[in-house]
Number of protein chains: 2
Amino acid sequence: MKEVSRKEEIIKTAAKLFKEKGYSAVTMRDIATAMGIKAASLYNHITSKQDILKTIIISLAEEFTQGMENIKSSNVSSLNKLKEVITLHISITSQNTYGMASLNNDWMHLEEQLPYYLELRSNYENEFRTILNEGIGNKEFANSDVEVMLFSMLSTLRSLYIWIPKKDDLNSEELSNSLSHILINGINK
Amino acid sequence: MKEVSRKEEIIKTAAKLFKEKGYSAVTMRDIATAMGIKAASLYNHITSKQDILKTIIISLAEEFTQGMENIKSSNVSSLNKLKEVITLHISITSQNTYGMASLNNDWMHLEEQLPYYLELRSNYENEFRTILNEGIGNKEFANSDVEVMLFSMLSTLRSLYIWIPKKDDLNSEELSNSLSHILINGINK
DNA sequence: ATATTTAACTAACACTTGTTAGTTTGCTTG
DNA sequence: CAAGCAAACTAACAAGTGTTAGTTAAATAT
C-alpha cells in the first residue's frame, strides 16, 4: 500500500550512515537520531542491526547474480557481454550507492549469511572470468593475464559507488560508454 | 630501543586485524589477545587506539606523497611517469598490505589528522591528474575523459592490497609490467 | 463508537568499550 | 648486591552498546 515502508526508510538511512562510517561504527542510536526517533522505536520495524546489514547486502548480491545470469544466457559476442557487465554495475550502483558501500566494505560482518554471500561472489567472479577467457579464446581480447584483467576491471567497477555520486551530472549511458572504452582500449594513443 | 620495536609489533598486529574487520570492529582486547598479553599492557607502548590508526595511515600517506614528488621531478615521458606511479603503488602495497587496508577503508576514523590526510590525498590525486593531462597534451595518451581515466586507474591501484597477498608467487616487476600493460593498452586485441 | 493497528515513547538490562591506576616480575647495569 | 627499568599483570571505571519490556497516543477499520 504505502509507497515506501517505514522499514525501507530505516534501511535506507542505515545504508547512508554505513557508507559514511562503516557498519561497526554506526550505532542504533545514530540511525534513530537520523530518523528523528529513539533507538528502541527502530525495533517496531526491524529485528536487529545485523538484519539491516543482511538485507542491504544480500539483496544487492542477488541483483548482481541475476544480472550476470541474464548476460550469460544472452547470445552476443564476448565483447558485448563485457559491455553489458559494465552497464550492469553502473545501473545497480547508480540506484543504490549507499548499499554498494556496505556490500564492498562490510560484507565480513555478515554472520549466518556470510557463506551464502561468499558463494554468490565467487560464482559471479567465475562467470566474469569465463567471459574473459572466451573472449581470449575467440581472439576478441588480447592474450594477457586473465587474472590481472579480471582484477583490474572488478576493482574499477567495485569502486563506482565512490565515484558516481560525485558525477551525477553525467548520465548512465555516457558513463557506460566512456568507462567501457577505457577499460577495453586503455589510455594509449 | 626495544620499546620502539615492541610498539611496531603492536602496530603491525593491529593493522592485520584492522584489515580483517575494520578499525571500529577491532577492540584493544582483540589486539592484546593476538599478541598474547592483556589489553592494559598495550598502554605501556602506545598512547591510544586512535594513535595506532594515525601512525599506520599517515606514514603510508606520506610515503605516497614522497614517491609522487620524486616522479614529478624526474625528467621522463608522461608514459614513463605513469609506469613509475604504478610501480610506486605496487612497491608500497607489497611492503604493507595490512596498512593499505586501513588507509583505504578507515581514513574517515582519523580525528585531528583527518584534514591533513585529506590534503595529502587531494594533492596526490592532483599530481596524478597532471601526469595524465600532460600525456594527453603531448599526444602520448588518447584524448579520453581524464576523470574516467584517473578514476579507473586509481581504483585498480588502491585495490592492490586485496589482490597482492593472494598472488605472492608473482614478483613485483612482473606484476608491474602486466598491470601497466593492461591499464595502458586495455584488453583489446 | 469501539476495536485494532501502527509507531512512537520511557526505562532498564547485561555486556562491551577504551582507558587509568597501581602493582609485580625479571632482566640489565652501576 | 642494589637500583633502575621495561613490560607484563589485576582491578576497576565511566561511557556506550544492542536489545527487551511495557506503555501511550493517534490513525484506521469494523
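This report describes how two protein chains meet two DNA strands and each other in a predicted model.

## The surface near DNA strand D

Around DNA strand D there are 18 residues, of which Thr27(A), Tyr43(A), Arg6(B), Lys38(B) and Asn44(B) come nearest. On the side of the nucleic acid, sugar and phosphate make up 57% of the atoms of DNA strand D that come within 4 Å of the protein. Sorted by class, the surface near DNA strand D holds seven charged, six nonpolar and five polar residues.

Backbone atoms from both chains approach the phosphates of this strand. In chain A, a polar backbone atom of Met28(A) is 2.9 Å from a phosphate oxygen of DNA strand D, and a polar backbone atom of Lys49(A) is 2.8 Å from a phosphate oxygen of that strand. In chain B, a backbone N or O atom of Lys38(B), a residue that is also listed among those nearest to the strand, lies 2.5 Å from a phosphate oxygen of DNA strand D. The elements that give two or more residues to this surface are helix H2 (28-35) of chain A and, from chain B, helix H1 (2-21) and helix H3 (39-42). Of these, H1(B) gives the most, with three residues.

## The surface near DNA strand C

DNA strand C is surrounded by 17 residues, and the closest of them are Arg6(A), Lys38(A), Asn44(A), Thr27(B) and Tyr43(B). Of the atoms of DNA strand C within 4 Å of the protein, 56% belong to sugar or phosphate, while the rest belong to bases. The residues of this surface divide into six nonpolar, six charged and five polar.

Arg6(A), one of the closest residues, places a polar side-chain atom 2.7 Å from a phosphate oxygen of DNA strand C. From chain B, the approach to phosphate is made by backbone atoms: a polar backbone atom of Met28(B) is 2.8 Å from a phosphate oxygen of DNA strand C, and a polar backbone atom of Val26(B) is 3.4 Å from a phosphate oxygen of that strand. Helix H3 (39-42) of chain A and helix H2 (28-35) of chain B each supply at least two residues of the surface near DNA strand C.

## The interface of chain A and chain B

The contact between the protein chains takes 38 residues from chain A and 38 residues from chain B. Together the chains bury about 3300 Å² between them, and 65% of this area is on carbon and sulfur atoms. Within chain B, the residues that lose the most area to chain A are Val148(B), Phe151(B) and Ile187(B), which together account for 22% of what that side buries.

Across this interface the rule finds one salt bridge, in which the side chains of Glu147(B) and Lys167(A) meet at 4.0 Å, N to O. Between chain B and chain A, five residue pairs are in polar contact, with both residues of a pair at pLDDT 80 or more. On the side of chain B that touches chain A, the elements that give two or more residues are H1, helix H8 (146-158), helix H9 (160-163) and helix H10 (172-185). The largest share of that side, eight residues, comes from H8(B). By class, the side of chain B that touches chain A divides into 17 nonpolar, 13 polar and eight charged residues.

Conventions. Residues numbered from 1 in each chain as written. Chains lettered and ligands numbered in written order. Predicted model: local features only at pLDDT ≥ 70, side-chain atom pairs only at ≥ 80, totals over all residues. Heavy atoms only, no water. Near = heavy atom within 4 Å. Polar contact = N/O pair within 3.5 Å; in protein donor to acceptor, adjacent residues only side chain to side chain. Helix = DSSP H or I, 4+ residues; strand = E, 2+ residues; numbered from the N terminus. Nonpolar A, V, L, I, M, F, W, Y, C, P; charged D, E, K, R; others polar. Contact = heavy atoms within 4.5 Å. Buried area = accessible area lost by both parts, 1.4 Å probe.
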